[in-house]
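Trainee: Could you take me through one part of this model up close, and then show me how the rest fits around it?

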Amino acid sequence: ACGISDDILSDTWTFNGLNWSPAGSIQSRGAAPMSFHAGLGKSVLYSGYGTNSQTMEFDGSAWSDVSASLGSVTPPVYFWHSTAYDAPRGRLVLFGGTDYDGTVSNQTWTFNGSAWSQQAVGGPSARTRSALVADTTRNVLVLFGGGLSLAAAIDRLADRNRNMQRDFESQSAAARSDVEAERNRLATLMS
């Protein structure tokens, strides 16, 4: 229903510039961005498809579920949301995403390392699957692209698949017609 395969993984890997190495696992989840929180010295992962409202921290070798220590104020369960670390303000920013009902969000949340808080700010329209990155030269976060609707994206893929199938079938019909014409030509020559 959400457009994500049930074949989601739970493994974690680190890359040292030359090689990838396994680094543990947590509950399987998909479409869950992770960003490094320099104030904590850890990577932070929030929620994702296949999970509940869960804040996880990764210290480079092990995961910790810090959800219980954060209290009851957390973002809704999202997947395909965007996160980036806002260094000048010392917080992780989460924007947008999709919930399990397929509703797309335009909410902005921040995580200071000990609590989440929703920000009452104007801004971009609701979107999912966008990119969020820190521009450290100008001390701003930059949000790019995304989709307005998960269902629309799935419908576009389904339409593309139907068009490809129809093209294949029409090419096959044309090929069958060519083979039949050649068979008839050869039969005429042999008679």
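Trainee: I'd like to start with one acidic side chain: at 15% relative accessibility, does Asp-135 count as buried or exposed?

Mentor: Asp-135 counts as buried at 15% relative accessibility; buried means under 20% relative accessible area, exposed means over 50%, and partly exposed is in between, all with a 1.4 Å probe and protein chains only. Before going on, keep in mind that this is a predicted model, where local features need pLDDT of at least 70 and side-chain atom pairs count only at pLDDT 80 or more, while totals for chains, interfaces and linings use all residues. Residues are numbered from 1 along each chain as its sequence is written, and side-chain values use heavy atoms, with hydrogens and water left out.

Asp-135 has a partner: its side chain meets that of Arg-138 in a salt bridge (2.6 Å, N to O). That term needs a side-chain nitrogen of Lys or Arg within 4 Å of a carboxyl oxygen of Asp or Glu. Arg-138 counts as exposed, at 59% relative accessibility, whereas Asp-135 is buried.

The structure has four salt bridges. Asp-86 and Arg-89 make one of them, again at 2.6 Å, N to O. Here Asp-86 is buried, with a relative accessible area of 4%, and Arg-89 is partly exposed at 46%. Those two also belong to a salt-bridge network that takes in Arg-91. Then there's the bridge between Glu-57 and Lys-42 (3.6 Å, N to O). Glu-57 sits in strand 5 (residues 55-58) and Lys-42 in strand 4 (residues 42-46), so this pair ties together parts that are 15 residues apart in sequence. Glu-57 counts as buried at 6% relative accessibility; Lys-42, at 28%, counts as partly exposed.

Now for the strands. The chain has 12 strands and one helix, these being DSSP runs numbered from the N terminus (E, at least two residues, for strands; H or I, at least four, for helices). In sequence order, the helix comes after the strands.

Have a look at strand 8 (residues 91-95): four of its five residues are buried, so the rest of the structure largely encloses it. Strand 7 (residues 82-86) pairs with strand 8 in the antiparallel sense over five bridges; pairing requires that DSSP finds at least two bridges between the strands. These two strands make a hairpin with four residues between them, and Gly-90 in the turn has a positive phi of about 60 degrees. Strand 8 also pairs with strand 9 (residues 108-111), antiparallel over four bridges. You can follow this through Leu-92 in strand 8: Tyr-85 stands opposite Leu-92, and so does Phe-111 from strand 9.

Stepping back, buried residues make up 32% of the chain's 191 residues. About 11,400 Å² is exposed, and carbon and sulfur atoms supply 53% of that. These areas come from the Shrake-Rupley method with a 1.4 Å probe, and for residues, only the protein chains shown count as cover. Out on the surface, Trp-13, Phe-15 and Trp-20 make a nonpolar patch of about 400 Å². Trp-13 is in strand 1 (residues 11-15) and is partly exposed, at 45% relative accessible area.

Notes:
Patches are made of residues with over 30% relative accessible area and no salt bridge: like charges are joined within 9 Å, nonpolar side chains (Val, Leu, Ile, Met, Phe, Trp, Tyr) within 5 Å.
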